[in-house]
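Got the viewer open? Let's take a walk through this one, from the overall layout down to a few side-chain pairs.

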Amino acid sequence: MNDLQQVTQENVEFMIEAIKTKLRMASGAAMQASHFNIRQYEDLKDIYDLVASKPNFSISEVEALVSELGKLRLK
């Protein structure tokens, strides 16, 4: 298990992969850890914690989470 208190690119990669797996994202290939800046670590961790805390999500919840992740992506 990763120590997610440590702000590292490795943890960003871990969280993105976990979010993609949990949300069963069909567009998962479009979302890669390299698209996220480590400066957004806390925001990304908040999304990860939310995703990890729930057993499943409605379609609208998935869409909202994907939208939030999209806002964090590097432009």
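What follows starts with the whole chain, then turns to one helix, one ring pair and some charged pairs.

First, keep in mind that this is a predicted model. The protein has 3 helices and 0 strands, so reading from the N terminus you simply get α-α-α. Of its 75 residues, 33% count as buried. The exposed surface comes to about 4800 Å², and carbon and sulfur atoms supply 53% of that area. As for how the chain meets itself, take the contacts between residues at least 6 apart in sequence: 69% of them join residues at least 24 apart.

Now zoom in on α3, which covers residues 59-72. A quick check on its geometry: at 1.5 Å a residue, its 14 residues should span 20 Å, and the end C-alpha atoms are indeed 20 Å apart, so expectation and model agree. Which residues of α3 are buried? They are Leu65, Leu69 and Leu72. These leucines cover an arc of only 50 degrees around the axis, which means that they sit on the same side of α3. Look at what lies over them and you'll find, among the elements that provide cover, α1 (9-23) and α2 (41-53). Spin α3 around to the face turned away from its buried side, and you meet the exposed residues Ile59, Glu63 and Lys71.

Next, the rings. A pair of aromatic rings is described by the distance of the centres and the angle of the planes. The structure holds 1 aromatic pair. Its partners are phenylalanine 14 and tyrosine 48, with 6.0 Å from centre to centre and 55 degrees between the planes, a tilted arrangement. What does this pair tie together? Because phenylalanine 14 belongs to helix α1 and tyrosine 48 to helix α2, the pair links parts that are 34 residues apart in sequence. The two rings also differ in cover: phenylalanine 14 is partly exposed, with a relative accessible area of 26%, whereas tyrosine 48 counts as buried at 10%.

On to the charges. Side chains of opposite charge can pair when their charged atoms come close. The count here is 4 salt bridges, and we'll visit some of them, helix by helix.

In α1, lysine 20 and glutamate 17 are 3 residues apart, so about one helical turn separates them. Their side chains meet in a salt bridge of 3.0 Å, N to O. Buried or exposed, where does lysine 20 fall? Its relative accessible area is 13%, so it counts as buried, while glutamate 17 is partly exposed at 41%.

In α2, aspartate 49 forms a salt bridge with lysine 45, and the closest N and O atoms are 3.0 Å apart. These two residues sit 4 apart in the helix, about one turn. Lysine 45 is buried, with a relative accessible area of 12%, and aspartate 49 is partly exposed at 34%.

Finally, back to α3, where lysine 71 and glutamate 68 lie 3 residues apart, about one turn of the helix. Their side chains also meet in a salt bridge, 3.0 Å from N to O. Lysine 71, one of the exposed residues on the face turned away from the buried side, has a relative accessibility of 53%. Its partner, glutamate 68, is partly exposed at 36%.

Conventions. Residues are numbered from 1 along each chain as its sequence is written. This is a predicted model: local features need pLDDT of at least 70, side-chain atom pairs count only at pLDDT 80 or more; totals for chains, interfaces and linings use all residues. Side-chain values use heavy atoms; hydrogens and water are left out. The expected span of a helix is 1.5 Å times one less than its number of residues. Buried means under 20% relative accessible area, exposed over 50%, partly exposed in between (1.4 Å probe, protein chains only). The arc is that of the directions from the helix axis to the C-beta atoms. Contact means heavy atoms within 4.5 Å. Accessible areas come from the Shrake-Rupley method with a 1.4 Å probe; for residues, only the protein chains shown count as cover. Rings of Phe, Tyr and Trp (its six-membered ring) pair if their centres lie within 6.5 Å; planes under 30 degrees apart count as stacked, over 60 as edge-to-face and the rest as tilted.
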